[in-house]
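Please open the model in your viewer and keep the selection panel at hand. The tour below goes from stop to stop, with a short account of what to look for at each.

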Amino acid sequence: MGLFKRNPFGHILFIKKWLIRIFGGITHRRYRGFNELHIEGSEIIRALPDTNVLFISNHQTYFADVVAMFHVFNASLKGREDNIKNVLYLWNPKLNIYYVAAKETMRAGLLPRILAYAGAITVERTWRAKGKDVTEKRDVNPNDTENIRIALKDGWVITFPQGTTKSFKPVRKGTAHIIKEHRPIVVPIVIDGFRRSFDKKGLRMKKKGILQSFIIKAPLEIDYDNDTIEQIVEKVEYAIEQHASFLKVIPAEEIEVQKELNRLRKWEY
């Protein structure tokens, strides 16, 4: 690799490689040490082609989710089986990994701007501004969709189709349009525990000893010609476990509470 070789967005790959190495080394213990990352599906990562892969995931923090994906993807490609042991897997990281992020988020300070160089495709959110929903949706910037197309052609793209860290918010139709138009392999990921481990930005550790989960699912079956946008949206919602029907599932904590209440009722009788 030439010292000044660049990717399609003009980023110097040598600099990007060192950013991934440095920040990967700094963050490794956040997922293996202070907390423990439970991974499933590493073999799916190794079976993927080098380009035109779209990862879809639920979203819990601004940055910790993406950083975990860089760790898991590179560890899996280096032969780790559902673990991120020995951070040397980042010495020669996959450099054509990109992630979709809100432009305002990636411009909010020096650190986000540095992290953006590692692979951010910044987009202008049409439904939110300054952390709040807007009543009048703005038009989609054509440059944003073009940049996603370029990134898919060059490698892998991570996106959070809900566009927010809040659970069970609607999946944005823009993701479905991208899938239908560019026909990528779509790989769902379901994460949990990040919201309890980190603050909202995912930069500061909030609690240690949390079991984080990172489940990689088999690629979605999509009929690019015949599936409607609405059908693709629904498939995405189910795949990342953010469909409204999942709200009907009783959490394990609630079940334990009910068991304890039943035990108390028994003794009261």
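Is D50 buried, partly exposed or exposed? With a relative accessible area of 47%, D50 is partly exposed, because that category covers the range between under 20%, which is buried, and over 50%, which is exposed. Keep in mind throughout that this is a predicted model.

**The whole chain**

Before going further with D50, show the entire protein chain, in which there are ten helices and nine strands. Of its 269 residues, 46% are buried, and the chain exposes about 14,500 Å², with carbon and sulfur atoms supplying 55% of that area. If you count the contacts with a separation of 6 or more, 71% of them are between residues 24 or more positions apart.

**First salt bridge: D50 and K94**

Now select D50 together with K94, whose side chains meet in a salt bridge with an N to O distance of 2.4 Å. The pair links distant parts of the chain, 44 residues apart, since D50 sits in the loop between α2 (42-46) and β2 (53-57) while K94 sits in the loop between α3 (64-77) and β3 (97-102). Whereas D50 is partly exposed, K94 is buried, with a relative accessible area of 9%. Side chains of opposite charge can pair when their charged atoms come close.

**Second salt bridge: E124 and K103**

Next, select E124 and K103, which form a salt bridge through their side chains at 3.5 Å, N to O. E124 lies in the loop between β4 (120-123) and β5 (128-129) and K103 belongs to helix α4 (residues 103-106), so this pair ties together parts that are 21 residues apart in sequence. E124 is partly exposed at a relative accessible area of 41%, while K103, at 18%, is buried.

**Third salt bridge: R196 and D192**

Move on to R196 and D192, where the side chains meet in a salt bridge at 3.8 Å, again N to O. Here R196 counts as partly exposed at 44% relative accessibility, and D192 likewise counts as partly exposed, at 34%. How many salt bridges does a search of the whole structure find? The search finds eleven.

**Two helices that cross**

Select helix α1 (residues 13-31) and then add α3, and follow their axes, which come within 10 Å and cross at roughly 105°. The two helices are therefore roughly perpendicular to each other. To see what makes the contact, display I20, G24, T27, H28 and Y31 of α1 alongside A64, V67, A68, F70 and H71 of α3. Colouring these residues by character would show six nonpolar, four polar and no charged ones.

**Two buried residues**

Select T165, found in the loop between β7 (156-159) and α7 (173-182), where it counts as buried at 7% relative accessibility. Which residues is T165 in contact with, leaving aside its neighbours within four places in sequence? They are H59, Q60, T61, Y62, R195 and K200.

Finish at H182, which has its place in helix α7 and is buried, with a relative accessible area of 18%. Not counting residues up to four places away in sequence, H182 touches N52, T145, R149 and L152, and displaying these residues together with H182 completes the last view of the tour.

Note on methods. Residues are numbered from 1 along each chain as its sequence is written. This is a predicted model: local features need pLDDT of at least 70, side-chain atom pairs count only at pLDDT 80 or more; totals for chains, interfaces and linings use all residues. Side-chain values use heavy atoms; hydrogens and water are left out. A salt bridge is a side-chain nitrogen of Lys or Arg within 4 Å of a carboxyl oxygen of Asp or Glu. Helices (H or I, at least four residues) and strands (E, at least two) are DSSP runs, numbered from the N terminus. Buried means under 20% relative accessible area, exposed over 50%, partly exposed in between (1.4 Å probe, protein chains only). Axes are lines fitted to C-alpha atoms, for helices over the stretch in contact, and angles run from 0 to 180 degrees between N-to-C directions. Angles under 35 degrees count as roughly parallel, over 145 as roughly antiparallel, 65 to 115 as roughly perpendicular and the rest as oblique. Contact means heavy atoms within 4.5 Å. Ala, Val, Leu, Ile, Met, Phe, Trp, Tyr, Cys and Pro count as nonpolar, Asp, Glu, Lys and Arg as charged, and the others, Gly among them, as polar. Accessible areas come from the Shrake-Rupley method with a 1.4 Å probe; for residues, only the protein chains shown count as cover.
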